[in-house]
Amino acid sequence: MDDRSFVAAQDFLLASKTYWTKRIYPELKKTYETAAGAAPAPPETPAEVAALLEGEVLYRYFSWLERHLQRFKYAGRYGLVPYHDERRAALSAELRDTDAELAPGLEMPNYYQRVDIHQHPGGVWSDELDGYVYERGARSTTPLMGAAHGDLHHRFTDLVAARGGAKDILDMGCGFGKSTHPFCTSFPTARVEAIDLSGPCVSLGAHDAQTKGSGNVRFRQMNAYETDYDDGSFDLVTSTMVIHELPPREIERMFTEAARVLAPGGRMAHLDFYTIDGPFARFIHYGHGRRNNEPFMQPLAEMDLHASLTEKGFTNIEVIPFKEAEGVGESGNDAWRFPWTVIMAEKMP
Amino acid sequence: MQLSDTLLEDRPEQTFFEDPALDRAFGVVMALATEVYVLRDRARALERKLEAAGVIEPGGLDAEPGDEERAADAGDREAFVEGLMISLLGKQQAKGAS
Ligand SMILES: C[S@@+](CC[C@H](N)C(=O)[O-])C[C@H]1O[C@@H](n2cnc3c(N)ncnc32)[C@H](O)[C@@H]1O
């Protein structure tokens, strides 16, 4: 497929997703509010919302588009996977000399292999080009922000930096480094370690870091809940959009591991999807998890993170809603969005 | 790589409509819409290049075509419509058993 056709098709899919975000979702919300107003008692649970909405034609199209626009984006005729597959030789050559530290024998957890996360065929790890596929796809994950998607990561590191400095930073589940680079720039004197289960992603991360000349970062293929770092090696442990990909048991292990590798008084800051306002938003978010192959969205949203972190000895625990861009979530802006949440805590001094 | 390489035999696709046929048919519609957009994009790019090369005037293709040009395309139009609509008749085009 030629590049122009690929871009035109992807632009069309993104425009369709934007229409879904800004027009279909608010319309669905209105439909819900009307139905809820007419119900004998206002719905309190996602199941009660489902009972009101599941027969609605608009809800069926909403759901269909949420699932299938993503399928087309990755696996359609102009999908990210076939596009990169056709450019395999050139792209794999680019990655040949990266200084990423790969762990070829690393065992991939069952949850990671069982489901192709966010409908990326084969997941973000099984093909050498998966870093590129994921990188290209991530440019249009949140249609409202378009090219400013990078903003979200910077807004997060700004918030973390406003709370204090750091010398040694661990980015768990760094992907291809989109969450890591803003830490390198917000904490220019820090040593940054970026780890991810996916070899193809850390390879691309290292390649980009070399190109950008970020000298203070190292990309390593490693499991976030089973790292090889010594106790107390970091004063800041972070992750971005990782926790929701793990089952609750593995999330607990990831926090335990974070507690171990943090020095006394060190802190954690995670950006993910957690605090959800009301049964309609909950219904929509759980449905998103199902439709987009993110099976642990719902279990995470139902965990008591405060209790779990307290039990692991963390203090000053904060769970705060996060604005991923200017103007989101304000009245008059009814567009669909993720329930962005920042989770911060400190290890006892 | 073939698109069929991505089909997972043991995992049926999710369905959202009362009749799963609609789920599949809407997939065909969206795939076609994507192709239409790709063609539009290409045609526009071609026009821009032709304009830049002075082959056509800016907006040179926007004017209403003359009767002669429309008449010349009538046969093509008819064949296009027939190809599109013939299925609606529900008739066999090759003799089957009954
Ligand atoms: C949605 S991506 C986010 C990547 C990056 N943090 C960003 O913001 O762009 C989630 C990442 O988590 C990684 N991941 C999932 N489970 C993991 C685990 N147990 N250990 C390390 N990484 C993991 C995946 O490979 C994937 O790259």
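At the start of α1(A), a side-chain oxygen of D2(A) comes to within 3.2 Å of the backbone nitrogen of R4(A). The model is predicted, and the distances and counts that follow are computed from it. The helix that begins here, α1 of chain A, covers residues 3-38 and has 36 residues. From its first C-alpha to its last, α1(A) reaches 51 Å, close to the 52 Å expected at 1.5 Å a residue. The helix nevertheless carries a kink of about 35°, centred on W20(A).

R4(A) also takes part in a contact with the other chain. Its partner is D41(B), with which R4(A) forms a salt bridge; the closest N and O atoms of the two are 2.8 Å apart. Side chains of opposite charge can pair when their charged atoms come close. Across the interface of chain A and chain B, four salt bridges are found. The same rule-based survey of polar contacts finds ten residue pairs across this interface, both residues being at pLDDT 80 or more.

Which helices of chain A each supply at least two residues of the side that touches chain B? They are α1, α3 (57-75), α4 (80-85) and α12 (279-291). Of the elements of chain A, α3(A) gives the most to this side, with eleven residues. Sorted by class, the side of chain A that touches chain B has 13 nonpolar, five polar and ten charged residues.

In terms of contacts, 28 residues of chain A meet 24 residues of chain B. The size of an interface is often given as the accessible area lost when the parts come together. Between chain A and chain B the buried area is about 2400 Å², and carbon and sulfur atoms give 65% of that area.

Salt bridges are also counted over the structure as a whole: there are 32 over all chains. One within chain A joins E101(A) and R220(A), whose closest N and O atoms are 2.9 Å apart. E101(A) lies in the loop between α5 (88-95) and α6 (110-114) of chain A, while R220(A) lies in strand β3 (residues 217-221) of chain A, so the pair ties together parts that are 119 residues apart in sequence.

Note on methods: Residues are numbered from 1 along each chain as its sequence is written. Chains are lettered from A and ligands numbered from 1 in the order in which they are written. This is a predicted model: local features need pLDDT of at least 70, side-chain atom pairs count only at pLDDT 80 or more; totals for chains, interfaces and linings use all residues. Side-chain values use heavy atoms; hydrogens and water are left out. Helices (H or I, at least four residues) and strands (E, at least two) are DSSP runs, numbered from the N terminus. The expected span of a helix is 1.5 Å times one less than its number of residues. The bend at a residue is the angle between axes fitted to the seven residues ending there and the seven starting there. A polar contact is a pair of N or O atoms within 3.5 Å; within protein, one must be able to donate a hydrogen and the other to accept it, and residues adjacent in sequence count only if both atoms are side-chain atoms. Contact means heavy atoms within 4.5 Å. Buried area is the accessible area (1.4 Å probe) that two parts lose on being put together, summed over both. A salt bridge is a side-chain nitrogen of Lys or Arg within 4 Å of a carboxyl oxygen of Asp or Glu. Ala, Val, Leu, Ile, Met, Phe, Trp, Tyr, Cys and Pro count as nonpolar, Asp, Glu, Lys and Arg as charged, and the others, Gly among them, as polar.
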